[in-house]
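These are my notebook entries on side-chain pairings and nonpolar packing in one protein chain. The sequence and the model are placed here before the entries begin.

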Amino acid sequence: MKTFLFIVWFSCITSVLFAQQPMDTTFVDHKYREDQFYFSLTYDLLGNKPKEIKQSGFSSGIHFGVIRDMPINVRRNKAVGVGLGVSINSYNQNMLINQDSDQNYTYQIIDESEITIKRNKFTTYLVEVPLQYRWRTSTARDYKFWRVYTGLNIGYVFYNSSKLKSNIDAIKLGGIEDFNKLQYGLTLSAGYSTWNFNVYYGLNSIFKDSAKLDGQSLDMNTIRLGLIFYIL
């Protein structure tokens, strides 16, 4: 309910702001659409993580896809967007994911006083469906404009992996069952012309309740901060 109220509130505020923009009534292209393709680079953070877990290095994400832009007003500067894309996210941190003799997954903090970590990360590969409500100051003749797009991303994790490379051992796992297949979160993209800031805040945990660190469930979510580029 709080999420729904947030989206409604933000939509109302943005609509009021863009209502102040002067309308170009001299030319209307009834086939004009905007921002059909997207490409994004992000810095990926782990939210709500236990204090023992520390991120290191640069945890990155790459995202790309297509969005069907469906204008909902005469000027065609307000629209609904529905898309399909791919998202790859890697998280560098100090938690070892392993399996015991019974093939159960185990989670523990790496003791860096005894082990030198060269690389330790887990990665998720998702198919995503962006759902957006879009405001912009564009016209069919203006290619540089302000935009604010907000909405929801629904993702399906079709594969995941974990890799440790250290001075003692190398451990690689794939298709770890403790990852939540469904990932969803709020999104916000805003900017001018080519440069647009992008934020994603995950509303559910990366891991299932079965993933436990020191007896506690790993209730961590994803936070992405970065740039997004839109192409006609």
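**Entry 1: a polar contact**

Which side chain does a polar contact of 2.9 Å join to that of Thr 222? I found that the partner is Tyr 91. I note here that the model is a predicted one.

I looked up the place of Thr 222 next, and it is in strand β13. Its relative accessibility is 5%, so I entered Thr 222 as buried, the cut-off being under 20%. Setting aside residues up to four places away in sequence, I listed what Thr 222 touches: Leu 45, Tyr 91, Tyr 200, Tyr 201, Gly 202 and Ile 206.

**Entry 2: aromatic pairs**

I then turned to the rings. A pair of aromatic rings is described by the distance of the centres and the angle of the planes. The count of aromatic pairs comes to 12. For Tyr 107 and Phe 207 I read a centre-to-centre distance of 5.9 Å and an angle of 80° between the planes; the pair is therefore edge-to-face, which requires over 60 degrees. This pair links distant parts of the chain, since Tyr 107 is in strand β5 (residues 105-109) and Phe 207 is in the loop between β10 (195-202) and β11 (212-213), 100 residues apart. I recorded both Tyr 107 and Phe 207 as buried.

Which residues form one aromatic cluster with Tyr 107 and Phe 207? I found Tyr 91, Phe 122 and Phe 179 in that cluster. Tyr 91 is also the residue whose side chain has the polar contact with Thr 222.

**Entry 3: the largest nonpolar core**

In soluble globular proteins, nonpolar side chains tend to be buried together. I therefore looked up the largest nonpolar core here, and it has 20 residues. Those with the most contacts inside this core are Met 95, Ile 97, Tyr 107, Phe 122, Phe 207 and Leu 218. Two elements, β4 (95-99) and β8 (170-174), give two or more residues to the core. Strand β4 gives the most, with 3 residues.

I listed the contacts of Met 95, leaving aside neighbours within four places in sequence. They are Ile 53, Tyr 107, Gln 108, Ile 109, Ile 110, Asn 120, Phe 122, Phe 207 and Leu 218. Apart from the largest core lies another, of 5 residues, and I noted Tyr 38, Tyr 149, Ile 228 and Tyr 230 among them.

**Entry 4: salt bridges**

Side chains of opposite charge can pair when their charged atoms come close. I obtained a count of 3 salt bridges.

With which residue does Arg 134 form a salt bridge? The partner is Asp 69, and the closest N and O atoms are 2.7 Å apart. The pair links distant parts of the chain: Arg 134 is in strand β6 (residues 117-136) and Asp 69 in strand β2 (residues 60-71), 65 residues apart. Arg 134 is at 0% relative accessibility and so counts as buried. Asp 69 is likewise at 0% and counts as buried.

I next found a salt bridge between the side chains of Asp 69 and Arg 136, at 2.9 Å from N to O. Here too distant parts of the chain are linked, Asp 69 in β2 and Arg 136 in β6 being 67 residues apart. Arg 136 is buried, as is Asp 69.

A further bridge joins the side chains of Arg 224 and Glu 128, at 3.0 Å from N to O. Arg 224 is in strand β13 (residues 221-231) and Glu 128 in strand β6, 96 residues apart. At 5% relative accessibility, Arg 224 counts as buried. Glu 128 is also buried, with a relative accessible area of 3%. Salt bridges that share partners join Asp 69, Arg 134 and Arg 136 into one network.

**Entry 5: arginines over rings**

I checked which rings have an arginine over the face. Arg 134 lies over the face of Tyr 149, 4.3 Å from the ring centre. Arg 224 lies over the face of Tyr 200, 4.1 Å from the ring centre.

**Entry 6: Glu 34**

Last, I looked up Glu 34, which is in the loop between α1 (2-19) and β1 (37-47). Glu 34 is buried, with a relative accessible area of 4%. What is Glu 34 in contact with, leaving aside neighbours within four places in sequence? I listed Asp 69, Arg 134, Arg 136, Ser 138, Phe 145, Tyr 149 and Leu 232. I also noted that Glu 34 and Thr 139 are 105 residues apart in sequence and 9.2 Å apart in space, C-alpha to C-alpha.

Terms used
Residues are numbered from 1 along each chain as its sequence is written. This is a predicted model: local features need pLDDT of at least 70, side-chain atom pairs count only at pLDDT 80 or more; totals for chains, interfaces and linings use all residues. Side-chain values use heavy atoms; hydrogens and water are left out. Rings of Phe, Tyr and Trp (its six-membered ring) pair if their centres lie within 6.5 Å; planes under 30 degrees apart count as stacked, over 60 as edge-to-face and the rest as tilted. Helices (H or I, at least four residues) and strands (E, at least two) are DSSP runs, numbered from the N terminus. Buried means under 20% relative accessible area, exposed over 50%, partly exposed in between (1.4 Å probe, protein chains only). A charge sits over a ring if NZ of Lys or CZ of Arg is within 6 Å of the ring centre and within 35 degrees of the ring normal. A salt bridge is a side-chain nitrogen of Lys or Arg within 4 Å of a carboxyl oxygen of Asp or Glu. Contact means heavy atoms within 4.5 Å. A nonpolar core is a set of buried Ala, Val, Leu, Ile, Met, Phe, Trp, Tyr and Cys residues joined through side-chain atoms within 4.5 Å. A polar contact is a pair of N or O atoms within 3.5 Å; within protein, one must be able to donate a hydrogen and the other to accept it, and residues adjacent in sequence count only if both atoms are side-chain atoms.
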